[in-house]
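Dear colleague,

I am handing over the structure we spoke about, and the sequence and coordinates follow directly below. After them I set out what was found, going through it topic by topic.

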Amino acid sequence: MDRLYARYKGLLLSLAYQLTGSFSDAEDIVQDVFLKVYDADPQGLAEAPQAYLCKMVTNRCRDLHKSARKRREQYVGQWLPEPVPTSSDEPFEAIAREELLSYAMLVLLEKLSPAERAAFVLREALGFEYADIAAIIDKSEANSRKLFSRAKGKVGEFASEMPVELNEGNVAWVRQFLFMLQQDHVDQVQAMLAKDVMLISDGGGKVSAAVNPVVNPDFVSRFLLGLVRKNVRDGGHSLVKISEINGQVGVLIYSGQDIETVILFHVEEQLVRNIYMVRNPDKLKLFKA
């Protein structure tokens, strides 16, 4: 059992996280699955352990889906997935960067049904063959192909987009964007935003955040510059740090020793199309000063 856990924990955690959008839920699901493995069919587990375990995780995520949907219907403001630190100095090696969809894609996965989401994650993120997907989600291979195709149609062009990877060029771009904000350069900030830019802020009703998405370069730049100006008025005590989050460039904002905000970007052709600001403290527990 220890060998199974060591070999498949990372895969199962990546699968559960991308099916739920919650790292804490994913950890609980994987732990629960391995506890139940003791009572599982030993023959099925011996013949195809990866498929067997992935099926158990997928079913557990599906069971969680209904209650999660109800919670999100009652959620205050916009709901965003829980971000995960993936820098080399963080203890999250169980989640493989190459198996993670971009954060923007995780946001879009909320549009999908549980079956569509499972087919998409298994195929797009984890590279499973359709025959294996069919066995995991209890569908025919033809239906699995249709589910994946339907899911890809719903998420649109983001399916082919790459995240803002953590490399020197992208880090420099993010630094430049932050510098323009700090210098209060309105025109330069707007010039770095796409015409259809959208900012989503998730406070969960526990901290201040925009209840509705902020759209178009004018309103997004005003919103961001307003936050920077407020920080200056308050004494400028916020610490801003660039870090690897979900395998891509992200920004951490601290107030003293406490994490306050995690920001992720979706950039196309050097223009920001989406900005995601996670402020709900329940979703920031993985980040430390």
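To begin with the cysteines, the count of disulfides comes to 0. Please keep in mind throughout that this is a predicted model. Cys-54 takes part in no disulfide, the nearest cysteine sulfur being that of Cys-61 at 10 Å. Seen from the other side, the sulfur of Cys-61 has its closest cysteine sulfur in Cys-54, and the 10 Å between them is too far for a bond, given that a disulfide would need the two sulfur atoms within 2.5 Å. As for their surroundings, Cys-54 counts as buried at 0% relative accessibility, and Cys-61 is buried as well, with a relative accessible area of 7%.

Next comes the sheet. It is an open sheet of 6 strands in the order β2-β1-β6-β5-β4-β3, and its pairing is mixed. Its edge strands are β2 and β3, each of which pairs on one side only. As a general reminder, strands of a sheet pair through backbone hydrogen bonds, either parallel or antiparallel.

Starting from the β3 edge, strand β3 (residues 238–245) runs antiparallel to strand β4 (residues 248–255), and 8 bridges join the two. Within this pair, Val-240 stands opposite Ile-253 of β4, while Ile-242 has Val-251 as its bridge partner. The hairpin of β3 and β4 has 2 residues between the strands, and Asn-246 takes a positive phi near 50° there. Strand β4 then pairs with β5 in the antiparallel sense over 6 bridges, with Val-251 standing opposite Ile-263 in β5; Val-251 thus appears in both pairings, as the partner of Ile-242 and as the residue opposite Ile-263. The hairpin of β4 and β5 also has 2 residues between the strands, and in it Gly-256 takes a positive phi near 65°. Of the 8 residues of β4, 7 are buried, so this strand is largely enclosed by the rest of the structure.

Strand β5 (residues 258–268) continues the sheet by pairing antiparallel with strand β6 (residues 271–278) through 7 bridges, and here Phe-265 finds its bridge partner in Ile-275 of β6. These two strands form a hairpin with 2 residues between them, where Glu-269 in the turn has a positive phi of about 50°. For β6, too, 7 of the 8 residues are buried, so that it is largely enclosed by the rest of the structure. The pairing of β6 with strand β1 (residues 193–202) is in the parallel sense, over 6 bridges, and Leu-193 stands opposite Val-272 in β6.

At the other edge, Val-214 lies in strand β2 (residues 214–215), and what is its state, buried or exposed? With a relative accessible area of 12%, Val-214 is buried, because the cut-off for that state is under 20%. Leaving aside neighbours within four places in sequence, Val-214 is in contact with Val-197, Met-198, Leu-199, Phe-219, Val-220 and Phe-223. Set against the turn at the opposite edge, Val-214 and Asn-246 are 32 residues apart in sequence and 23 Å apart in space, taken C-alpha to C-alpha.

Among the helices, α2 (residues 23–37) allows a check on its length: at 1.5 Å a residue its 15 residues should span 21 Å, and the end C-alpha atoms are indeed 21 Å apart, which agrees. The buried residues of α2 are Phe-23, Asp-25, Ala-26, Ile-29, Val-30, Val-33, Phe-34 and Val-37. Viewed down the helix axis, these buried residues fall within an arc of 165°, so they line one face of α2. The face turned away from that buried side carries the exposed residues Asp-28 and Leu-35.

Finally, the packing of the interior. The largest nonpolar core has 63 residues, of which Leu-109, Phe-120 and Val-262 touch the most other members. Helix α1 (residues 2–20) supplies the largest share of this core, namely 9 residues. A second, separate core of 27 residues includes Leu-225, Ile-263, Phe-265 and Ile-275, and of these, Phe-265 and Ile-275 are the bridge partners mentioned above for β5 and β6.

With kind regards

How values were computed. Residues numbered from 1 in each chain as written. Predicted model: local features only at pLDDT ≥ 70, side-chain atom pairs only at ≥ 80, totals over all residues. Heavy atoms only, no water. Pairing = 2+ DSSP bridges. Helix = DSSP H or I, 4+ residues; strand = E, 2+ residues; numbered from the N terminus. Expected span 1.5 Å × (residues − 1). Buried < 20%, exposed > 50% of the residue type's maximum accessible area, 1.4 Å probe, protein only. Arc of directions from axis to C-beta. Contact = heavy atoms within 4.5 Å. Core = buried A, V, L, I, M, F, W, Y, C linked by side-chain atoms within 4.5 Å.
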